[in-house]
Amino acid sequence: MSKKMMLGAVSAIAILAAGTALADTAHDLIEHADEASEHAHLLAETTDAAIDLMNNMIDQAIVMIEDAHELAEAGDTAAAKDEMVDAVLALTAAHELSEAVAASAAAAHSFAEEAHMLVEQAVAANAAALAADADDVHLLAASAELAHADKEAGHADTDAEVAQDATEAAHVAVEAALAAAEAVAAAEGDAAHTAIEAALAAAESADDAGWAAEHTLHDLDGSSEHAHDAITDAHNTTEMVELIEMLEHSN
């Protein structure tokens, strides 16, 4: 073998070895993305359940405030204030839940964002491996799976950001509703009636914000599940490719 041919062979082997290393990198990245997407989906599920409970507590508080409002209109301020005590308790529970929901949604967004970033890096690593060996059918198969995972991870990331913003807004609204309900205790006469009306308006605003946030979490629950499934499929494919590349280039 001539020196030129030998150098060419060495160069080809180096390129193939680089392709194998990049395939390994893609698999490692998608493996971590799979874990992150699983966390995002689990958080989305639990947050979705928690916000449903929060919204039910707000609904109960609204019924109590409406009863208090009727009593205040009838001139029975003392009874109206007694009714508001229960409304405050319900809103206190809703407020605690809203804080937990907002924190959980933020964590879900963090994991969804991480999963998306890792998938993007895996796509780039696999593309680089293909550049080294454009005819590799296994890398081409992995490329298709990774592209699908990237699309689904992007949707989940976007939905998670929307859900985080919506749950934060709901938390602020519930906090305002609780403050308005608590303010009734210090008011007397017509001022108490006015305070109850303000509390009712604030609670209804919190209810609107809560249900709007719940819809975003429903969306995230679905998209994060699709993302996790797609990333798991990509993980399985890249794992197979990694093994095949190792076997082929070890011969």
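Buried residues account for 44% of the 251 residues in this protein. The model you are looking at is predicted, and its secondary structure consists of four helices and zero strands. Read from the N terminus, the elements follow the order α-α-α-α. Here is a short tour, from charged contacts to pairs that are far apart in sequence.

**The salt bridge**

- Searching the whole structure turns up one salt bridge.
- The partners are Glu188 and Lys81, whose side chains meet at 3.0 Å, N to O.
- This pair joins distant parts of the chain, since Glu188 sits in the loop between helix H3 (137-183) and H4, while Lys81 belongs to helix H2, and the two positions lie 107 residues apart in sequence numbering.
- Is each partner buried or exposed? Glu188 has 55% relative accessibility and so counts as exposed, because the cut-off for that class is over 50%.
- Lys81, on the other hand, has a relative accessible area of 16%, which means that this lysine is buried, the limit being under 20%.

**A polar contact from helix H2**

- His109 is a residue of helix H2, which spans residues 77-132.
- With a relative accessible area of 10%, His109 falls under the 20% limit and is therefore buried.
- Which side chain does the side chain of His109 contact? The partner is Asp157, and the polar contact between the two side chains is 3.5 Å.

**The negative surface patch**

- Glu66, Asp67, Glu70, Glu73, Glu197, Glu204 and Asp208 together form a negative patch on the surface.
- Two elements each give two or more residues to this patch: helix H1 (3-73) and helix H4 (189-250).
- Which helix gives the most to the negative patch? Helix H1 does, with four residues.
- One of the patch members is Glu73, which is found in helix H1.
- Glu73 has a relative accessible area of 53%, so this residue counts as exposed. Patch members need over 30% relative accessible area, and Glu73 passes that cut-off because its value is 53%.

**Pairs far apart in sequence**

- Ala234 is located in helix H4, and its relative accessible area of 0% makes it buried.
- How far apart in space are Ala234 and Glu31? Their C-alpha atoms are 9.0 Å apart, although the two residues are 203 residues apart in sequence.
- Val63 has its place in helix H1. At 45% relative accessibility, Val63 counts as partly exposed, because this value lies between the 20% and 50% limits.
- From Val63 to Leu200 the C-alpha separation is 9.2 Å, with their positions 137 residues apart along the chain.
- Asp59 is also part of helix H1, and a relative accessible area of 26% makes Asp59 partly exposed.
- The C-alpha atoms of Asp59 and Ala87 are separated by 10.0 Å, and these residues are 28 residues apart along the chain.

**To take away**

- For a quick look at helix H2, start with Lys81, which is in the salt bridge with Glu188, and then go to His109, which makes the polar contact with Asp157.
- For helix H1, the residues to pick out include Glu73, Val63 and Asp59.

Conventions. Residues are numbered from 1 along each chain as its sequence is written. This is a predicted model: local features need pLDDT of at least 70, side-chain atom pairs count only at pLDDT 80 or more; totals for chains, interfaces and linings use all residues. Side-chain values use heavy atoms; hydrogens and water are left out. Patches are made of residues with over 30% relative accessible area and no salt bridge: like charges are joined within 9 Å, nonpolar side chains (Val, Leu, Ile, Met, Phe, Trp, Tyr) within 5 Å. Accessible areas come from the Shrake-Rupley method with a 1.4 Å probe; for residues, only the protein chains shown count as cover. A salt bridge is a side-chain nitrogen of Lys or Arg within 4 Å of a carboxyl oxygen of Asp or Glu. Lys and Arg count as positive and Asp and Glu as negative; His and the chain ends are not counted. The place of a charge is taken as NZ of Lys, CZ of Arg, CG of Asp or CD of Glu. Buried means under 20% relative accessible area, exposed over 50%, partly exposed in between (1.4 Å probe, protein chains only). A polar contact is a pair of N or O atoms within 3.5 Å; within protein, one must be able to donate a hydrogen and the other to accept it, and residues adjacent in sequence count only if both atoms are side-chain atoms.
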